[in-house]
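Work through these short exercises with the model in view. Try each task before reading its solution.

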Number of protein chains: 2
Amino acid sequence: MDYFKESLHLHKALKGKIRVQGKMDVRTKDDLSLVYSPGVAEPCRAIAADEEAVWDYTIKSNTVAIVTDGSAVLGLGNIGAKASIPVMEGKAMLFKRFANIDAFPICLDTQDTDEIVETVKRIAPVFGGINLEDIAAPRSFEIESRLQDIGIPVFHDDQHGTAIVVLAALINAAKVVKKSIFNLKVVINGAGAAGIAIARLLRCVDNKDTDACIAVKDIIACDSKGIIHSKRNNLNTAKQELLSYSNAEDKAGTLQDALVDADVFIGVSKGNLITADDVRTMAKNPIIFGLANPIPEIMPEEAYKGGAAVVGTGRSDLPNQINNVLGFPGIFRGALDVRAKRITPKMKLAAAFAIADFIDHPTADMVIPATLNERVAWRVADAVKQAAQEE
Amino acid sequence: MDYFKESLHLHKALKGKIRVQGKMDVRTKDDLSLVYSPGVAEPCRAIAADEEAVWDYTIKSNTVAIVTDGSAVLGLGNIGAKASIPVMEGKAMLFKRFANIDAFPICLDTQDTDEIVETVKRIAPVFGGINLEDIAAPRSFEIESRLQDIGIPVFHDDQHGTAIVVLAALINAAKVVKKSIFNLKVVINGAGAAGIAIARLLRCVDNKDTDACIAVKDIIACDSKGIIHSKRNNLNTAKQELLSYSNAEDKAGTLQDALVDADVFIGVSKGNLITADDVRTMAKNPIIFGLANPIPEIMPEEAYKGGAAVVGTGRSDLPNQINNVLGFPGIFRGALDVRAKRITPKMKLAAAFAIADFIDHPTADMVIPATLNERVAWRVADAVKQAAQEE
């Protein structure tokens, strides 16, 4: 099937992919008097008297805003708010499908950090959570961080969703190759939102002092100019900060230099960047996650040729699809169910372990559950809930 | 039935009254590849190449934001964004029920005019129309007026929805009492959003120069301090402006003074304000619309005792319920169907006449269609569409 052509037809025929539906019919005068005037005044009064009642009497407890500025959409880049809508509608469908969450696209006609922050604050009353989506780094870091105290979880899925699912796959891949996760040397290629969040989660940057810490030995992060090290010019703040928890030996060089003796390659960059020869320079039984879409950094066949032991991609037509869908629905489900005020590092780790634990006996071709397995989200939700309650 | 008590139970049981639903199932990998990555990239690209394609490939063409700041909610007043949510959800149900429109509540955590205006502009990309709701006057006038050029209709229902339905009822009531609408002397009590919009529409202020003009002879507007006239102190801008198209003789005095010899009383104020004795001082066969909820300015029985010929209220348990539900669903349906950029005075008049024309033979007890008559919205939509296309 030509997904592109068919998808265009589908979108045109459906005129968008989501709808808003009443939870009950309004047929009689009594119906009208209960869902609207005069009866509706009573839940309004209850909330006016006690703000917390908004969780009981409105859609807030099950509703998430998918907020984007259209600046970093899929592999398409900065296509703007309107062109991003089909992606956000698709995401809303996945929220519904996997976690029965009502999600609605808020596609903003601004790419200014301050304006995005204040707009999200203003629209927050009706939402129980905010999923930031496809907002370009490093702006996305600041936006997310400035929104952490608004009383509902604000979660940038491109960062943390990706990091959580990658960690889940890595936990199982390490088992397959019989290496301790704590001793892994990891190369991350791509230092945008996803790359940095993966590095932080794998190095346990945000929860060093808790019992819920799991950290790989070392990470080398690369961007399009090669290894990120302290002598590089013009590193943005996020990349400078990265140096405090990566590249302990302050190596310089190319991506290829970084790969020598590494145990793991994680690509969140673009297609066809490394070869079998590069994989051959890595440590024995390397783990290769090439997540660029639709063409991974290295195709599985080529990676195996170079000696890879476990290979994952972002593609649905290949084994070990490392896809955010395994994360965000259950994470938000769990957070909403306990009315969490934020999604903490402990909740994120719990989600990663729940996804990993879903696979009883990991093998090279099965380090992560199938994307469409609908039981995953409920397991994740449960784990996230428990972690939240323990805090 | 105790609507208040039952409504509270209903809201708690349903946890809010609307949901977001996918328009198709996502069961297979193909489904996922079509509604989300990779296929979704194609409609995104199509919109990036031609912004207008957003109407074809997304929910925009059928989606309306119900925007409030919670400052003037029903009869409850300034209860804030969270407490307003049940009303906005109810409104969304009515949009769906009567016009198959997907409407979503945007309840803003700000009551600042500038902030509301800029927030609406920023969230506009995904919406085909904006229904402003329960925003206090005179702020609501400025907000609406500053949003007229954003490329999609912005319609303050408390103003224009009410005015349109009142005009519809008045057209038929005038037929019942065999008076020409052009010769009517009208008293409006209440000079907030609804009162001023009614006055403007009845005096044809916004479309004097078009063929679509219908104007009553004179209006006297009153507020809680009595007749609005030029010697009054501290009139806000909206009330000052009102004097240019009302109270031609610049009368001073009380509401009771205003009623002497008037043909029509329209109350958008509060309950139990006038008596049968007041009605007796009006012209012969007076028309009485007491729209305060839940207690009208005068109960029908009392009005008839004073000699009223036609009586309407806002109540569903009495004849001639003058309710916005007869207006906004069809008005937005028509506007969305022609992708109107604004809702013009001509479209508003067309809506009023469509509602009035729905009643073939008006009688004292039937000057307006039943609120739950689902055919009204489609007739209104058609009329609005036609008016838009003629412009």
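A salt bridge is a side-chain nitrogen of Lys or Arg within 4 Å of a carboxyl oxygen of Asp or Glu. This is a predicted model, where local features need pLDDT of at least 70, side-chain atom pairs count only at pLDDT 80 or more, and totals for chains, interfaces and linings use all residues. Residues are numbered from 1 along each chain as its sequence is written, chains are lettered from A and ligands numbered from 1 in the order in which they are written, and side-chain values use heavy atoms, without hydrogens and water.

**Exercise 1. Find how many salt bridges the whole structure holds, then place the one between B:R122 and A:E118.**

Step 1. The search over all chains gives 55 salt bridges.

Step 2. In one of them, the side chains of B:R122 and A:E118 come to 3.2 Å, N to O.

Step 3. B:R122 sits in helix α6 (residues 113-123) of chain B and A:E118 in helix α6 (residues 113-123) of chain A, so this pair joins two chains. Helices are DSSP runs of H or I with at least four residues, strands are runs of E with at least two, and both are numbered from the N terminus.

Step 4. Check the cover. Buried means under 20% relative accessible area, exposed over 50%, partly exposed in between (1.4 Å probe, protein chains only). B:R122 has 6%, so it is buried. A:E118 has 28%, so it is partly exposed.

Step 5. Widen the view. A:E115, A:E118, A:R122, B:E115, B:E118 and B:R122 form a network of salt bridges.

**Exercise 2. Describe the salt bridge between B:K91 and B:D157.**

Step 1. The N to O distance is 2.4 Å.

Step 2. B:K91 belongs to helix α5 (residues 80-99) and B:D157 to helix α8 (residues 157-176), both of chain B; the two residues are 66 residues apart.

Step 3. Both B:K91 and B:D157 are buried.

**Exercise 3. Is B:S246 buried or exposed, and what does it touch?**

Step 1. Locate B:S246 in the loop between α10 (237-242) and α11 (255-259) of chain B.

Step 2. Its relative accessibility is 3%, so B:S246 is buried.

Step 3. A polar atom of the B:S246 side chain lies 2.9 Å from the backbone oxygen of B:L242.

Step 4. Leaving out residues up to four places away in sequence, B:S246 touches B:D218 and B:I219 (contact means heavy atoms within 4.5 Å).

How values were computed: Polar contact = N/O pair within 3.5 Å; in protein donor to acceptor, adjacent residues only side chain to side chain.
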